[in-house]
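Me: I am new to this structure. Please take me through it with short questions and short answers.

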Amino acid sequence: MTGENWYLKVLRTGIEPRNEANTSRYVHEVLTNCLNWPFESIRPQPSKHGFIDYHLLAPKTNTAIRLEVKPFGKKLNDYMIRKYLVRPGPLNEEFRVGVLTNLLQWQIFLAGPEVKRVAGTSLACVLDVEVNARADIAKIDSMIGYRTDGQLRGLRASLGEATEVIRHVLWNDHKVLQAIRQALRRIRDDRSLPLRVPQTDSTLEAMIQLANGEPIGLEFSVTQFRQAICSPEVATVINTTLMTKFGSRSRQGPIKQTLTNLTSPESGEAF
């Protein structure tokens with residue numbers, strides 16, 4: 001029986017007792033048998049700032065993954081791991097990585113000065129998954145699975161797909177406005193529309209109006225303006241920005257999907 005099959009069976013049947021110590025035993029097995037972490041790279045409770053359950057020490061990097069275990073099925077909140085990731089003082093790592101799990105649900109967070117610059121928040125959640133199938137385990141593995149090169153490329157790329165990061169870049173990166181204008185120009189030319197592409201200030205004002213559910217005050221329709229925001233041009237700008245800062249390219253598809261979710265009135269997201 002493979003590690004993944006064993007893990008899924010455990011989740012179907014549950015564990016007893018459900019306390020933190022017993023849950024931690026099972027999490028350790030997931031780390032070694034599903035995420036391929038060597039025994040010697042899993043360090044228990046080394047923190048001087050309270051007790052984090054594990055540090056995962058990847059080779060060829062100074063970034064440790066801090067993993068906090070909660071009792072099986074317990075509701076997770078980011079405050080449970082925030083104190084380990086968001087704190088004053090010098091930052092020796094490129095960024096801080098935190099994992100919060102109750103064995104069934106896994107949440108992965110990134111923190112650090114560069115993360116705050118691109119996300120506008122001190123703690124960014126880049127994955128929140130409840131494990132029901134092998135594909136869910138694969139998502140976790142793509143970010144925090146053991147890699148001999150230690151580059152954590154999946155974690156870096158995940159920043160470019162996180163909702164809070166994309167929202168922040170949309171509102172704070174001047175290049176995004178230029179990309180929206182470029183996309184509007186392409187829409188106009190592809191459809192031979194007699195429309196004037198707005199200047200930068202007008203584009204920003206239209207974004208504000210769209211976010212407030214108001215008419216955008218442009219010759220372009222709301223639908224066309226949303227298409228421009230969700231365009232390959234904008235996704236490429238976001239991708240390039242994050243790749244420059246963190247050295248790993250995100251996937252265009254999830255970026256464009258998040259842009260669509262943010263700008264869709266039916267999505268429930270706060271644009």
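Reply: A starting definition: a residue is buried when its relative accessible area is under 20%, and exposed when that area is over 50%. Values in between count as partly exposed. Note that the model is predicted.

Me: Is Lys70 buried or exposed?
Reply: The cut-off for buried is under 20%. Lys70 has 16% relative accessibility, so Lys70 counts as buried.

Me: Which residue meets Lys70 in a salt bridge?
Reply: Side chains of opposite charge can pair when their charged atoms come close. Here the N to O distance is 3.1 Å. The partner has 4% relative accessibility and counts as buried. The side chain that meets Lys70 is that of Glu68.

Me: How many helices and strands does the chain have?
Reply: The C-alpha atoms fill a box of roughly 65 × 40 × 30 Å along the principal axes. The secondary structure within the chain comes to 12 helices and 6 strands.

Me: What percentage of the residues in the chain is buried?
Reply: Buried again means under 20% relative accessible area. The chain has 271 residues. The buried part is 49%.

Me: What share of the contacts with a separation of 6 or more comes from residues 24 or more positions apart?
Reply: Contact here means heavy atoms within 4.5 Å. Among contacts with a separation of 6 or more, residues 24 or more positions apart account for 59%.

Me: How are helix 8 and helix 11 oriented to each other?
Reply: Their axes come within 8 Å and cross at roughly 155 degrees. Angles over 145 degrees count as roughly antiparallel. So helix 8 is, relative to helix 11, roughly antiparallel.

Me: How many nonpolar residues are in the contact of helix 8 with helix 11?
Reply: Helix 8 passes helix 11 in a right-handed crossing. Helix 8 brings Lys175, Val176, Ala179, Ile180, Gln182, Ala183 and Arg186, and helix 11 brings Pro232, Glu233, Val234 and Val237. By class, 3 are charged, 1 is polar, and the nonpolar residues number 7.

Me: Which residue of helix 11 forms a salt bridge with Arg186?
Reply: Arg186 lies in helix 8, so the pair ties together parts that are 47 residues apart in sequence. Arg186 is partly exposed at 32% relative accessibility. Its partner is buried, at 13%. With N and O atoms 2.6 Å apart, that partner is Glu233.

Me: Which residues are joined into one network with Arg186?
Reply: The structure holds 9 salt bridges. Some share partners, and a network with Arg186 results. The other members are Asp190 and Glu233.

Me: How are helix 11 and helix 12 oriented to each other?
Reply: Helix 11 spans residues 232–246 and helix 12 residues 252–263. Their axes are 9 Å apart, at an angle of about 115 degrees. Angles of 65 to 115 degrees count as roughly perpendicular. So the two helices are roughly perpendicular.

Me: Which residues of helix 12 make the contact with helix 11?
Reply: The crossing is right-handed. Helix 11 contributes Pro232, Val234, Ala235, Thr236, Ile238 and Asn239. Helix 12 contributes Gln252, Ile255, Lys256 and Leu259.

Me: Which residue forms a salt bridge with Arg251?
Reply: Arg251 sits in the loop between helix 11 and helix 12, and its partner, 90 residues apart, in the loop between helix 6 and helix 7. Arg251 is exposed at 54% relative accessibility, whereas the partner is buried at 19%. The closest N and O atoms are 2.9 Å apart, and the partner is Glu161.

Notes: Residues numbered from 1 in each chain as written. Predicted model: local features only at pLDDT ≥ 70, side-chain atom pairs only at ≥ 80, totals over all residues. Heavy atoms only, no water. Axes fitted to C-alpha atoms, helices over the stretch in contact; angles between N-to-C directions. Helix = DSSP H or I, 4+ residues; strand = E, 2+ residues; numbered from the N terminus. Parallel < 35°, antiparallel > 145°, perpendicular 65-115°, else oblique. Left-handed = near helix turned anticlockwise from the far one by under 90°. Salt bridge = Lys/Arg side-chain N within 4 Å of Asp/Glu carboxyl O. Buried < 20%, exposed > 50% of the residue type's maximum accessible area, 1.4 Å probe, protein only. Nonpolar A, V, L, I, M, F, W, Y, C, P; charged D, E, K, R; others polar.
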